[in-house]
Structures are given as C-alpha cells and as structure tokens.
Amino acid sequence: MSAHDVLVVAEVQRQALADITLELLAAARGVAEAGGGQVICLVLSADGTPFVPALAPADRIVLVNDPQLADYAPDPFVAAAFEVVAAEQPRAVLVAGTSVGWDLAPLLASRLQAPLVTGCKSVTADGPGLVVDVSFCGGKMMAEVAVGQSPAVLMIMPGSYRAATAAGAARVETREPASPLPAGAVRFREWVLPEAGDVDITQQDVLVAVGRGIQQKDNVELAEQLAQALGGAVCASRPAVDQGWLPATRQVGKSGMTVRPKLYLALGVSGAPEHLEGMDGSELIIAVNTDPKAPIFDAAHYGAEVDALDLLPALVEAVGAKKG
Amino acid sequence: MSVVPTDAGVELLEQLGKTGSGTSPLGCMQCGMCAASCPLGAAMEFPPRKLILQTMAGNLDKVLASPSLWMCVGCYTCSHRCPRDIELTDGLWPALRDRSMQAGFQPPGELQETFQNLFKYGNTLGKSPRQRLDWAKGLDVPVLDLSKESRPVDVLWLVGCYPSYYPRNHAVTRAWARIMTRLGVSWGVLGAKEKSAGECERMFGEEGLFETLVEENRKLLGAQQFETLVTLDPHAYRALHAYYPRFGAWYPVQHYTTFLAERLDALRGMIVKPVEATVTYHDNCCVGRRCGCYDPPRALLQLIPGVKLVEMDRHHDNALCCGGGGGGMWLDAHIVAHGGHRLSDERIRQAAATGADTLAVSCPYELSRFEDAAKVAGLDGQVKVRDIIELLAESMDLGERSVA
Amino acid sequence: MNIMVVVRQVPDLIESLEIDASGSSLDWDAASFIINECDDHALEQALLLKEAAGGTVTVVALDQGDVDNTLYTAAAKGADRIVKIPVDDGWHPSPRAAAALYAEAAKDLAKDLVLVGVQAHDELDGVLAPALAAALALPYVGVIRGVQAGSEPGSVVACKEFPGAVMARLDVRLPAVLGILGADQPPRYVPVSRIRAAMKESRFEEPAVAAAPAASLVSVHKLYPPVSGTRAEMLVGSESDIAGRIAAILAEKGLLK
C-alpha cells in the first residue's frame, strides 16, 4: 500500500462487469503514474474471478467475494469497500457515476470523513493533491476543483475517459471481510426486468431518429437496420408519428419524450424547436437533411446535406465494415 | 334512457354560466347545433350539448374526468351558431376546465407544462424573459423599450409570445416594426417586462393564472401612456377587449388588421412593387368569427398589386379553425390520441383546392401550424404560408431582404 | 407515516449562468431560481404515500431563491407543514453544511421517512441526500423511482433504478432517508388559484437554527464555461464518403461495439 496508489471500485451490474470500469482504470493510471503508485481495482461481488482477465490494466485486483454482494444493498457494499480503503489508504478512490456509485461514493466518503467530488470529467495529480475538472449545472458550467485531503472519493462521469488497454501487473488477491458484512435496513428483494418487446427510448444509448424526410413507412425498416447495427433503437419526430410510421412511445420532443443518448442520429428531421427540446442534450448529434438551413444543424455536432434515404444503406454498410 | 335534471345540477350549471357573457346554459334546448358544428364534435365524449345535459343531471364528475374536456380548440363555431346565444367557448368550457383542475384532475401533460411556463416566465414557450427582445437584434429601425425609457406613444405594441420567441415568426415581427415606423407611428414595446396577455390561459381554465397575469399587466400598462394597444395576436386582442374590463382594466386595443385598415390611403402610397400571387385568406377565429371582422384583412390584401384573391369554400364565419386556440397549440397529441385530428391538416387541403399558391394568415400560431400541415400533406411546394404583414412588407420593400 | 421532504432552490438553467468577480463562484445575484426537479419528485412521492397510507407531509427548505412560491405551491398540493430555515444572505451552503442545518431544524420533527431529491445540478462537493442521512444517523439508499408502503408496518418498498430500465426492488425498514429520482407519477399540477389561496391561508414555520458552517474539504479554483461549437461540422463528399466518415467518428467515440 502506498499513499500514491489509486483505488478503483469496479462497477459490477447483475454479475457482469460494466465497461465503465475500464474508463476508471484509465483515469486511475494517469494519477497513479504521477506519484509512482499503483492502480488497485476493488471488485465487490459474489465471485469476481471471471472478471479478472478484463481487469488486466490494474496492478492489483482485490476480490472481495461474498454472497451478500451478489445483488445490491447499500450496507454490505459500503462496509466491504470501507474496510479495504481504510486499510489501503490510497490517495483517491474512483467510483463510477452510476446507480450504485451514487450510493457508494457519498456513503463511503462519509464513513471515511473524506472529501467527495461528483461530476468529474478528469483527474490530475498536483503535487500531493489532486485537481479535478467537474461538469455541473446540467453541463452548462465547469469547475476546476483542488483536493488536498487524502483519500478523496471522486465520482467519474461515464464517457469521460477511453477504456484502459495497457496491461498492468494484474496481481490477484482475494480477501475475506474481517467481520460478517452487515445486512442493514435496506434489503434487496428482487430484480424487475423490463417486459420483452417494450422499447424505452429514454434508456437507449443510441437512437436513430426518423423525420418527415424518410418519406414513407417502408423506409423505417432501413433505419431499424442501422439502429440494430449500432445497438440502439429507432425513434421519431412528431410528423413521423402522426403519419403512423411509428407508435407514440417512440416520439421525441415537446409532446413526446426527452432523451439524452450517447448518439442521436437524426435522419430527415428538420429540427423544429419542439423537437430540439426533446433531444438537444444528447452527447453526440449527427444530422442528415437535404435542407442546409434546417435548424437541426444548429444543434448537431456533425451534419451532412444529403438525402437520408440515399445515405442509409451506405451507412449500414460502413458501420458493419468498421465493426469488422 | 332519459336524463333527469337534479336540483344540484341545475344550480351548478347556472353558476358555471355566470363566467360567460351570453345566456345561461340553462337555456339550452338540446338542439345539437353545437355538436354538429364542432370540427372535433364527432370525437368528443361530451360535445357542448352533452356537457350541459350531464352537468344538469348531476354527473359532473364524469364530465370533469373526461379527456374530451380538453379537446376544444376555441374556434367559437358552437357559440356563433347557438340559437340561444349561450357563451360556450368563452364561458362554459373554461369554467368546466377550471372545475376539473380544482377537483384534482390533471390536464394533459403538455398543457401543464405550458401553464408552468406561463407562471414562471410569463410566456408559453418556457423561454427566459431576458431574451424577449432578441427578435430585434440587428433591426434597422429603432425599438423603444418603454420599460427602460417611458414616453407617451401612439401605439404600445404588445409583441406576444410566439412573435417574440418563435424563429419562424421573427420575419413578421420585424416587418411589423418597420411598417409602423414607415407609417410615422410612434410606438414602443415593454421589452423583457412584457408578459402574455393571458388569453389562452383563461380559455384553458386557468382562471387563477389569468388573474395573476391581468394584475401584472395592469401594473405594467398603468405606468405607460399610449393612444392604443396593438397586437398581432387575435387571442390577445379578444382577452384585452372582452375580459380585462371585468377586472376594471379597460384599454383601447386593436388587432393589427384593424389598425392598418384605418390607414389604407397612407399604405397605398407606400407600395412600391407588386407581389404576384394567388392568395387565399384564412379567417382567424377570434377576430373573424367571434368579432365579425372579415373585411379589413381582405382590404389589405387587395391593396397589393399583383395579388389575386380567391376564397376557400369555407370562409368568413364558416372558416375552419386551424386548431391552435383554446390551448390547441399544446393539445394536438391529446386530441389525436382521443380520436380527433389536427384541423390545420384539413384546412391546408382546403386552401390548396382553391388553386392558390399562397395562404395568407393573421395569427401567430397559424404560421407554424399551416407550414407544418403543408409539409405533412406534401403541399409545401405548392402552397406558401405567409402572414399579411409579410406580403405587405414585400410590396413596400420592407422585408428582410431590404436590410442593408 | 410522517414524511419529511427537503426541497431546494437551484439556478434556473434557461438563463445563462454568470461567474462572479472572484471567478470561483456562480454569480448568485444574477441567477434566477426554481425548485430542484428531483425534490419536486420527492414531494410528489410524499403526497402519494400520504394519500395511500395517511400521515403527514412536512416540507423543509432553506430561505433562498424563490422559496416562498415553492413552499406555498407545496402547501397547495397538500403538504401539512411548510418550514423555512433562515440562512445568512449570500451564503450557499455546501451539501454537508446544508445537511447539518436540515438535521438541526428537524430534530423535533417526527420523521418515519425522509425524501430528498438524489441530485441537484448545483452540487459538486457532496450529495445532500446521503449527507442528510448521515447527519440524522439514518439508513440511506438513492436513485429511487417509486416508493410504496411495505406489507409490514414500519417499512416501505423502494425501486432503485438501474440502466436499461432494470429496477431493484428493495425492502426498507423505517426510519430511513431515500434519495428520489422519480415518483410513481409525475409531479401533479395545482391550479394557480389554489396557490394564491395557500398564500393567504398557509403560514411558514421559521425555526432559528444555529449553523456552524462546516469548512468545505475541497476548494474551487475557478469556474469556466464548457467549450462548445455553434454549428455542425458539415461532412462533404459522396454518400459513401460521408458514411465512411460517420462510421469513423462513431468508432473513435467508442460507439461501435
């Protein structure tokens, strides 16, 4: 253990390792390197052994395996994490800004009497301290925050770092909690999964939006193909729903749903204010419209002034080729 | 199955009728003229006739809970044709909607959001009040912000929410500023302090919100000196003309078409070029059917050389509403979900059937509604939608193109 | 069930946010305020629980921003008590400091359940909901969408939201603090006339709360606006050129899995 180590709490969702863990490891490596410290990855689960190969970028992989960590309840997780962090005394504990993270990070920080920073987009070592770039106020403001106390608990926003690839020492240790993990007043009962066939567009990472420029219902099929290739779903602007091309559950906009996916691909959508309202918070917006003055281009990051119907088949092909 | 009036129902109906200016709804003879005339009557669970019947029978709860309570678009056709002159659109509907919300029933979601926006920001679009004058950026005529520098003016122009904030409307707003200036009218606006006149809120049934806005507007207008208010919005005109006086707030107010129609000779002398267009005019519901004002807009259009005016089959008091009034701008999804349709989709086809290449309008909602409808109907290459102001400005060479 | 709800005022994001002269704080005077959205959901959830199982709802807020309007609206919606905690002018306490204030103000309040929004967009050096739980020495779980009375008395069932519309159903033994993301239904609309009536009829409780401002454990060096372009970067070429470019952009951003 060393005061220069950085500890990452792996994000495990229903016994599967989430990708964001690798983003956290990348963040951790940047900070640990500066002080000559190590990257420790803490895995809290029923059995973390299957995750080990994916966690190669860490120097130490600490597995705390316990049946109480199989599903989710705050107390056993916080207690297990606290024990390890208190023993290791790293300079920073990186937690993902996820459902578990939003419990774990503050509760852990409270137990440790440690500073907590949320909304972190980047972390850098600054002498013995840390400098963190934070996004807040709905993404409208950034703050540069100095953290002097150690350990510090930092909640890292998904998408802030590229997944770590370079291998670390990857030494595996398995630990038993010193005393039985407390069950606590909040107990897990069951998982409730969404009904098969329902598409909740607000939960999608990728949305392919169709507007009037798709021209007719038959062309929605092409958009579906693209959505599938990208692991997402098709949504629609109001005119497309009014035309009956897609059900109202797929409508984005003022009289539909508000979405914030990682990718919003707008095909033949003009970008009327009522539509923009429902999607302009999306992380990456790519718009295709034959009208160069379409307001969607003011909201989009990338645009192309071509016919969506002509572009679609080419795009399905290009995406397939890139995926390899 | 006969419906038996109850004492409580009759009393309630009497009470509800007090908010309107016409005959009490108790005078209803169940002729069904309203239901048959209503453009959405076939889709309503309770068209006006049945609203009255069921309320009288003591079934108010059913009425208040019904989604059809939120399907009226404020077109005044029922009120206009009612043989007993019952004030349905402005009286019974808002009173029932108010009751419904008081009883805890939730209005359609989009409408709720509009109420919140009006309450918080004084405009229906949920935009910052500080941006209310952004439409005037780079304008080539001076804009007097009376909230910052008060002077007596001929015209206090209440710009309105859509004309201030909605991008498509800006061309009209700016052209109007230029036309007034060219006419030598001294005018000013209330800038960031301007709030909605509250017309639609009242019709949605948000009586409390309307009162709040009337109070705020009284303070604002009371601090100013002007010969007349002018508005581009027929709904605002109606509210200021017919409802503000009930709160002791009386102001001379004109819709822009009437204002200009009093200055035809001056305008005629300012026209410098023709506008070659076959134009059909859509009578808006508030200034048209409700107030019986059909000639001024046509007189303005006929002033423009090159304009050939044709009438739709349904015109004057028989015009078909665009569907945007009475909250309709925010009720399309609700209406469609309950078996109705967007009236603007129907109306644009009526416009195209005349062979016109231009549909002329004089209400801020109609621009976006009809342009949208033209796209959906595939008519956007065939029929252009333009406000009368835009056509006039073009013939006076005061359109956007003439900005240096 | 006696429920305490905390509602916060946050800067309204429809206005552009200004940075003050020091460069390290928001210009609070230039901001306009609205109720924190998650807290609005927390209030709605409290009202739903009261309607289902009886009890009282007490709404607590710091005296900042448009708080009067917020509290009167809460009363109009059905809150039984509205509490406004005085704070020094211009002080915007961090979540930890605010938690101490709320805990102090509520020390004599019967509270089986405390509902607070799980996030507020002006937080960066702490999260109020779990901090309040710590200050009250109560159990906590957050990111909750929907709460129902439990089958056993003195318990509730809370749904914790996970990605992909997956929920974890949790049994919570009261008393406890829940960090609310959403309620079982959207916040109800209350007509303005009822809010105006509440303004006439309702009274705030204004407890004197001695605050020992806790020093923040971090320091903000500076605030700055995020870098953003205004218009889309336009991709040109044939359809296959453009398609290739788009695929490359997606790959770069890790969106092709």
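## Legends for a predicted model of chains A, B and C

**View 1. Burial in chain B.** Buried residues account for 61% of the 404 residues in chain B. The model shown here and in the other views is predicted. Chain B has an accessible surface of about 14,900 Å², and carbon and sulfur atoms hold 50% of that area.

**View 2. Fold and dimensions of chain B.** The chain B fold contains 20 helices and eight strands. Its C-alpha trace extends over about 70 × 50 × 35 Å along the principal axes. The radius of gyration of chain B is 21 Å, which agrees with the value near 22 Å for a compact globule, because that is the value that goes with 404 residues. Of the chain B contacts between residues at least 6 apart in sequence, 79% link residues at least 24 apart.

**View 3. Domains of chain B.** Chain B is split into domain 1 (7–102), domain 2 (109–261) and domain 3 (270–403). In the contact between domain 2 of chain B and domain 3 of chain B, 34 residues come from domain 2 and 38 residues from domain 3. The C-alpha centres of these two domains of chain B are 21 Å apart.

**View 4. Charged side chains of chain B.** Chain B carries 42 positive and 47 negative side chains. The centre of the positive set and the centre of the negative set in chain B are separated by 2 Å.

**View 5. Domains of chain A.** Two domains are assigned in chain A: domain 1 covers 6–175 and domain 2 covers 201–323. Taken over C-alpha atoms, the centres of domain 1 of chain A and domain 2 of chain A are 35 Å apart.

**View 6. Fold and dimensions of chain C.** Chain C has six helices and 13 strands. The C-alpha trace of chain C measures about 70 × 50 × 40 Å along its principal axes. Among the chain C contacts with a separation of 6 or more, 70% are between residues 24 or more positions apart.

**View 7. Burial and surface of chain C.** In chain C, 53% of the 257 residues count as buried. The chain exposes about 10,700 Å², with 50% of this area supplied by carbon and sulfur atoms.

**View 8. Charged side chains of chain C.** Chain C has 22 positive and 34 negative charges. The mean position of the positive charges in chain C lies 4 Å from that of the negative charges.

Terms used. Residues numbered from 1 in each chain as written. Chains lettered and ligands numbered in written order. Predicted model: local features only at pLDDT ≥ 70, side-chain atom pairs only at ≥ 80, totals over all residues. Heavy atoms only, no water. Helix = DSSP H or I, 4+ residues; strand = E, 2+ residues; numbered from the N terminus. Buried < 20%, exposed > 50% of the residue type's maximum accessible area, 1.4 Å probe, protein only. Contact = heavy atoms within 4.5 Å. Areas by Shrake-Rupley, 256 points an atom, 1.4 Å probe, with all protein chains shown as cover. Lys, Arg positive; Asp, Glu negative; His and termini not counted. Charge placed at Lys NZ, Arg CZ, Asp CG, Glu CD. Rg over C-alpha atoms; globule rule 2.2 N^0.38 Å. Domains from an automatic or database assignment.
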